[in-house]
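This briefing covers the nonpolar cores, one helix pair and one buried residue of the structure shown below.

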Amino acid sequence: MTPSATTRFAPSPTGFLHLGHVVSGLYSRFMAGETGKFLIRIEDIDTTRCTPELTQALREDLDWLGLASDGPVRRQSEHLVEYHAVLASLREQGLLYPCFCTRREIAEAATQVAPDGSRVYPGICRHGMAREGRGRDPVWRLNMGRALDVLQGVPDWHEAGCGRVAGKADAFGDIVLARRDTGVSYHLCVTHDDALEGVTTVTRGRDLYEATSVQRVLQELMGWPEPAYVHHALILDADGHKLSKRDGAEGVRVLRQAGWTAGQVLKHPLVRQALEASLPTGVYSGG
């Protein structure tokens, strides 16, 4: 653990905070060290699912748990102009193209699966077969092959405790950087904000491990600093799946209403188990 690290905890208010978020928040705070900075960011670019009510509930639960940011809390929905500027820069470099394909069309044509389990876009619109004017706006995709040619290779990254890890960006195909509904994307916004906020160590769950390959490409294309990465253990249910807001995972708010104290939530057996599996021996003492 680097004593002077700047870390960030970046929940998305698409539901109530649950124990998996508690693990991520505590892990990020611990990894910042005693003299580092722990930042909170609200990733709310999905304006359909991220409501003001859920955002307020998230802020209240974080305050109740005692997870306070060492700097201003950044809300991504307030900075869309910045993300569109990044998209404009990539377009000027000839690295983006519009795609009008539907999910069904992609599913029918895709033959490969990316390292994260998603379908690899088969390049229909990249090959000049775009069918415009069907009543919908395009998504904007990164021409991954061209991007990797510009970078002269696939970027790797530093995983804390493991050293350099070989990237797999070439196996993801042409990823979406501007969604049809939001005009931006997770990969774009998160890499921009990590650079802007001076994050030196990106802490997050192991479910986002493969995403690092893609995000390193954007960092290199935009000339942003390369942070270190560390991916912590997840809380899993009885079937081995991670906790999910969509599946009604046990929420912090529910525990509060049941009479739990913040200290008890921070020391919850599932939280303890995940943190002890990820942090150096003796670092975690129960909140």
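In the largest nonpolar core, which has 27 residues, those touching the most other members are Leu19, Val22, Leu26, Leu62, Leu65, Val271 and Leu275. The model is a predicted one.

**Nonpolar cores**
- Two or more residues of the largest core come from each of α1 (19-32), β2 (37-42), α2 (52-65), α8 (252-257), α9 (262-266) and α10 (269-276).
- Helix α1 provides the largest share of this core, namely eight residues.
- Separate from it is a second core of 26 residues, with Leu90, Ala114, Ala169 and Trp224 among them.

**Packing of α3 with α7**
- The axes of helix α3 (residues 80-92) and helix α7 (residues 211-222) lie 11 Å apart, and the two helices pack at an angle of about 75 degrees.
- Angles of 65 to 115 degrees count as roughly perpendicular, so α3 is roughly perpendicular to α7.
- Helix α3 contributes Val86, Ser89 and Leu90 to the contact, while α7 contributes Leu218, Leu221 and Met222.
- By class, the residues of this contact are five nonpolar, one polar and no charged.

**Surroundings of His192**
- His192 lies in helix α6 (residues 186-196).
- Because its relative accessibility is 10%, below the 20% limit for buried residues, His192 counts as buried.
- A polar contact of 3.0 Å joins the side chain of His192 to the side chain of Asp193.
- Leaving aside residues up to four places away in sequence, His192 touches Arg74, Glu82, Tyr83, Val86 and Trp224.
- Of these, Val86 also takes part in the contact of α3 with α7, and Trp224 belongs to the second core.

Conventions. Residues are numbered from 1 along each chain as its sequence is written. This is a predicted model: local features need pLDDT of at least 70, side-chain atom pairs count only at pLDDT 80 or more; totals for chains, interfaces and linings use all residues. Side-chain values use heavy atoms; hydrogens and water are left out. Helices (H or I, at least four residues) and strands (E, at least two) are DSSP runs, numbered from the N terminus. Buried means under 20% relative accessible area, exposed over 50%, partly exposed in between (1.4 Å probe, protein chains only). A polar contact is a pair of N or O atoms within 3.5 Å; within protein, one must be able to donate a hydrogen and the other to accept it, and residues adjacent in sequence count only if both atoms are side-chain atoms. Contact means heavy atoms within 4.5 Å. Axes are lines fitted to C-alpha atoms, for helices over the stretch in contact, and angles run from 0 to 180 degrees between N-to-C directions. Angles under 35 degrees count as roughly parallel, over 145 as roughly antiparallel, 65 to 115 as roughly perpendicular and the rest as oblique. Ala, Val, Leu, Ile, Met, Phe, Trp, Tyr, Cys and Pro count as nonpolar, Asp, Glu, Lys and Arg as charged, and the others, Gly among them, as polar. A nonpolar core is a set of buried Ala, Val, Leu, Ile, Met, Phe, Trp, Tyr and Cys residues joined through side-chain atoms within 4.5 Å.
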